[in-house]
Amino acid sequence: VDLASGSGRAMLEGLLAASDVLLTNFSARTLKNLGLDAASLGERHPHLGLVSISAFEPDGARRGWTAFDAGIQAACGLADATRYPGGPPLRVAGHPVDGVTALSAEAAVWRVLGRRQDADGPPQRATVVMERVGQVLMGNAALGLLRRPAFQAVLPCLGQERWLALVLPWEGDWARLRELAPTLPQQPVDPAAEPALAAWTSTRDRDALAGQLQAAGFDVAPVLMPPSTSNVWPVT
């Protein structure tokens with residue numbers, strides 16, 4: 001449906017006349033320009049339920065803003081919460097906000113349908129705000145209540161592009177790790193801690209070291225390095 005053409009608009013109007021719910025993910029500005037805002041739709045299709053996905057609060061200061069998953073990760077604090085100590089904010093791989101937004105929109109559609117009493121009743125409206133979804137994903141971290149791990153790093157291992165991710169949730173974990181690597185500094189906050197640990201892991205086989213650390217009760221995992229995108233997502 002090409003909304004820029006008269007035939008496309010006519011096709012859309014025909015679909016809306018025969019539909020129960022319209023789900024959109026445009027900004028409030030775009031919806032109004034297309035005549036798909038709640039007020040305009042209410043005049044043309046009074047029976048139609050409406051579920052709108054917006055990046056930010058539709059009545060807030062950012063109501064005209066647009067954003068993709070990465071932008072919402074920044075806006076809700078997720079990018080900051082996943083940074084490594086001393087490093088820049090990071091984007092979580094994949095699209096977690098998009099995925100949970102889609103599930104939330106599905107729930108909103110069912111809610112709109114469930115509240116619809118009859119064809120002559122008022123249309124039901126619902127809005128799913130991506131920024132709110134991100135805040136839900138953040139949980140207590142959005143309130144500043146999330147405790148950061150005592151230490152976390154991605155460390156090189158023996159060989160080319162062989163990496164190991166290590167998270168030490170508690171201060172006592174560093175002391176236990178020093179039992180395996182006595183040359184490490186006394187405290188994980190020491191600026192020399194990560195370089196010293198990287199020097200230790202770089203002389204060891206990644207998978208063997210991961211097994212040894214897991215057996216000792218550490219939160220550690222090898223980093224998957226797909227050889228190429230085409231091998232992971234084959235195109236046919």
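**A tour from Arg83 to the salt-bridge network**

Select Arg83 to begin: Arg83 is partly exposed, with a relative accessible area of 23%. Buried means under 20% relative accessible area, exposed means over 50%, and partly exposed lies in between (1.4 Å probe, protein chains only). The model is predicted, so local features need pLDDT of at least 70 and side-chain atom pairs count only at pLDDT 80 or more, while totals for chains, interfaces and linings use all residues. Residues are numbered from 1 along each chain as its sequence is written, and side-chain values use heavy atoms, with hydrogens and water left out.

Add Asp80 to the selection; Asp80 and Arg83 form a salt bridge, with the closest N and O atoms 2.7 Å apart. A salt bridge here is a side-chain nitrogen of Lys or Arg within 4 Å of a carboxyl oxygen of Asp or Glu. By this rule, the count comes to seven salt bridges. Asp80 is also partly exposed, at a relative accessible area of 34%.

**The open sheet**

Next, select 21-24, 49-54 and 125-129, which are strands E1, E2 and E3. Helices (H or I, at least four residues) and strands (E, at least two) are DSSP runs, numbered from the N terminus. The three strands form an open sheet in the order E1-E2-E3, with parallel pairing. Two strands pair if DSSP finds at least two bridges between them. E1 and E3 stand at the edges with a single partner strand each, so one side of each has no neighbour in the sheet. Direction ignored, neighbouring strands of this sheet are turned by 10 degrees against each other on average. Four bridges join E1 to E2. To look at one position in detail, pick Leu22, which stands opposite Leu50 in E2.

**Helices H6 and H7**

Now show helix H7, residues 130-138, which lies across E2 and E3 and runs at about 60 degrees to E3. Axes are lines fitted to C-alpha atoms, for helices over the stretch in contact, and angles run from 0 to 180 degrees between N-to-C directions. Add helix H6, residues 96-115: H6 and H7 pack at an angle of about 110 degrees, with their axes 9 Å apart. That angle makes H6 roughly perpendicular to H7; under 35 degrees counts as roughly parallel, over 145 as roughly antiparallel, 65 to 115 as roughly perpendicular and the rest as oblique.

Which residues in H6 meet H7? Pro96, Val97, Asp98, Val100, Thr101 and Ser104 do, and their counterparts in H7 are Met130, Val133 and Leu137. Contact means heavy atoms within 4.5 Å. The residues of this contact divide into six nonpolar, two polar and one charged. Ala, Val, Leu, Ile, Met, Phe, Trp, Tyr, Cys and Pro count as nonpolar, Asp, Glu, Lys and Arg as charged, and the others, Gly among them, as polar.

**The loop between E4 and E5**

Move to Glu161, in the loop between strand E4 (151-156) and strand E5 (163-168). Glu161 has a positive phi of about 50 degrees although it is not a glycine. Its relative accessible area is 45%, which is partly exposed.

Select Arg162 and Asp207: they form a salt bridge, the closest N and O atoms being 3.5 Å apart. This pair links distant parts of the chain, with Arg162 in the loop between E4 and E5 and Asp207 in helix H10 (residues 206-215), 45 residues apart. Arg162 is partly exposed at 27% relative accessibility, and Asp207 is partly exposed at 40%. Add Arg206 to show a network of salt bridges linking Arg162, Arg206 and Asp207.
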